[in-house]
Amino acid sequence: MECIRLIGGNQLNGDLPISGAKNAALPLMIASLLTEKELVLRNVPDLADVRQLQLILKNHGASINPVSTDANGEKVESPSLSFNTPVITDTCAPYDLVSAMRASFWVIGPLLAREHKARVSLPGGCAIGTRPVDFYLDGLKALGANIEIDEGYIVATAPKGGLVGSKLRFPKVSVGATHVVMMAATLANGITEIENAAQEPEIGNVARCLVAMGAKISGIDTSHLVIEGVEKLGGADFEVLPDRIETGTFAMAVAMTGGNLLLKNGRPENLQAALNVLELTGVNISTEKNGIRIIANGERVRPVSVETDPFPGFPTDLQAQYMALMARADGTTKIRETIFENRFMHVAELARFGADISIEGQVATIKGVKTLKGAQVMATDLRASVSLVIAGLAAKGETFVNQIHHLDRGFENLEEKLSNCGADISRVSL
Ligand code: UD1
């Protein structure tokens, strides 16, 4: 079985390129089902989740091909894919394809909008809480869909003539439900207003792509989206934004190990809350023309308590990585997780490095220790797994991270990127 082997203690220096955002690439790929024309996506990260979603889209009739030139025929470096779905050949997303990744459930939006029907298996994905789909279904019902559950599948049907625009308010901010209802509303009859919409930058990225495809959306980047349905969407050539979670993860890695790293393509405005917290811990952060520079001395950082929140708050997807950093802080920190009810599975694994962490309900109390010691640990979910890598980079001695298929879902070329900057990290077969 493959695992990651690390020897801690090296500083991180140089330039580290940030890949396209997984959480934008997935919904952008799904948006390609809304049109019979070609959607070209630039800066698509090569990740297990992206490959899995390609299988799902192909099952619906998409043909997907690499693209090596830009719109002017010039050769491009950026990894690009074209998506063509002239005909939706199957409106069913089966269990064996959908169960591996929660976001694949989102195909329900475009299928219902374009074909007026969808049969989609209830989702799987990271085991970080119950993660129901009630907001999605209530949102689609507000657009007139009839929803039934049949043997583990959601069966959705639009009224005759298609979905109907409507006004709705999500009871709680949901990234996935916002993506799905926004996509579905682009082809509905009339105007849809979504209140309490998620404002994550990935939603804005998808909304802008939909507009490039001919959708009429206003209120982009706000919690109040207004979508005027159009009859058809066309093609587009669109770029996936850089991954803010990968950016924040590497920023925290430098905060732990020390060093001087330029996170190339990183966009500070997309992770300001996390950068502000890192600055308070004593890390030096500056914005440069082509990215974010992180400088740290590798000493124990100051403890700063945080609470996760929807964007623009501190992202839940950086909570585990930040906890690894706080495990070696010079004092005690509290981290409150407000988005998911079961997102502390990394705590038991961080304890193997010698971290002193206790949990009460949704709050983790982390008493910083002087030194973390390398250990055998097991990845439990995508973001948790990278927190173990970060801990290992700063720990004394050797670390093995097992179950790394979780990492491969969301971090492109992780070992290569880190070892290019000085880390002693490799993938080994045991
Ligand atoms: C997305 C991200 C994930 C991130 C999360 C929160 C992608 C591919 N995944 O996940 O990385 O951690 O946003 O920023 O973009 N909820 C309900 N009912 C619903 C939907 C959600 O109760 O119908 C709850 C969830 O259980 C959770 C909260 O709402 O407690 C937020 O979840 P949501 O924003 O929907 O997360 P995802 O879209 O699954």
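**Note on the ligand shell and two helix contacts**

1. The shell around the ligand divides into nine nonpolar, four polar and six charged residues. Here Ala, Val, Leu, Ile, Met, Phe, Trp, Tyr, Cys and Pro count as nonpolar, Asp, Glu, Lys and Arg as charged, and the others, Gly among them, as polar.

2. This is a predicted model, in which local features need pLDDT of at least 70 and side-chain atom pairs count only at pLDDT 80 or more, while totals for chains, interfaces and linings use all residues. Residues are numbered from 1 along each chain as its sequence is written, and side-chain values use heavy atoms, with hydrogens and water left out.

3. Which residues come nearest to the ligand? They are Asp 134, Phe 135, Ser 174, Asp 317 and Ile 339, out of 19 around the ligand (a residue is near if one of its heavy atoms lies within 4 Å).

4. Polar contacts (pairs of N or O atoms within 3.5 Å) include the following. Asp 134 places a polar side-chain atom 2.6 Å from a nitrogen atom of the ligand. An N or O atom in the side chain of Asn 23 is 3.0 Å from a ligand oxygen atom. At Val 175 a polar backbone atom is 2.7 Å from an oxygen atom of the ligand. The protein buries 91% of the 740 Å² that the ligand exposes when taken alone (accessible areas by the Shrake-Rupley method with a 1.4 Å probe).

5. Two elements, α5 (134-142) and α6, give two or more residues to the shell. The largest share, three residues, comes from α5. Helices are DSSP runs (H or I, at least four residues), numbered from the N terminus.

6. Helix α6 (residues 175-186) packs against helix α7 (residues 201-212) at an angle of about 10°, with the axes 10 Å apart. Axes are lines fitted to C-alpha atoms over the stretch in contact, and angles run from 0 to 180 degrees between N-to-C directions. The pair is therefore roughly parallel (angles under 35 degrees). Val 175, Thr 178, His 179, Met 182, Met 183 and Thr 186 of α6 make the contact with Glu 202, Ile 203, Val 206, Ala 207 and Leu 210 of α7 (heavy atoms within 4.5 Å). By class, this contact has seven nonpolar, three polar and one charged residues.

7. For helix α8 (residues 244-257) and helix α10 (residues 319-326), the axes come within 10 Å and cross at roughly 5°, so α8 is roughly parallel to α10. On the α8 side are Ile 245, Thr 249, Met 252, Ala 255 and Met 256, which meet Gln 321, Tyr 322, Ala 324 and Leu 325 in α10. Seven nonpolar, two polar and no charged residues make up this contact.

Definitions and conventions: Parallel < 35°, antiparallel > 145°, perpendicular 65-115°, else oblique. Polar contact = N/O pair within 3.5 Å; in protein donor to acceptor, adjacent residues only side chain to side chain.
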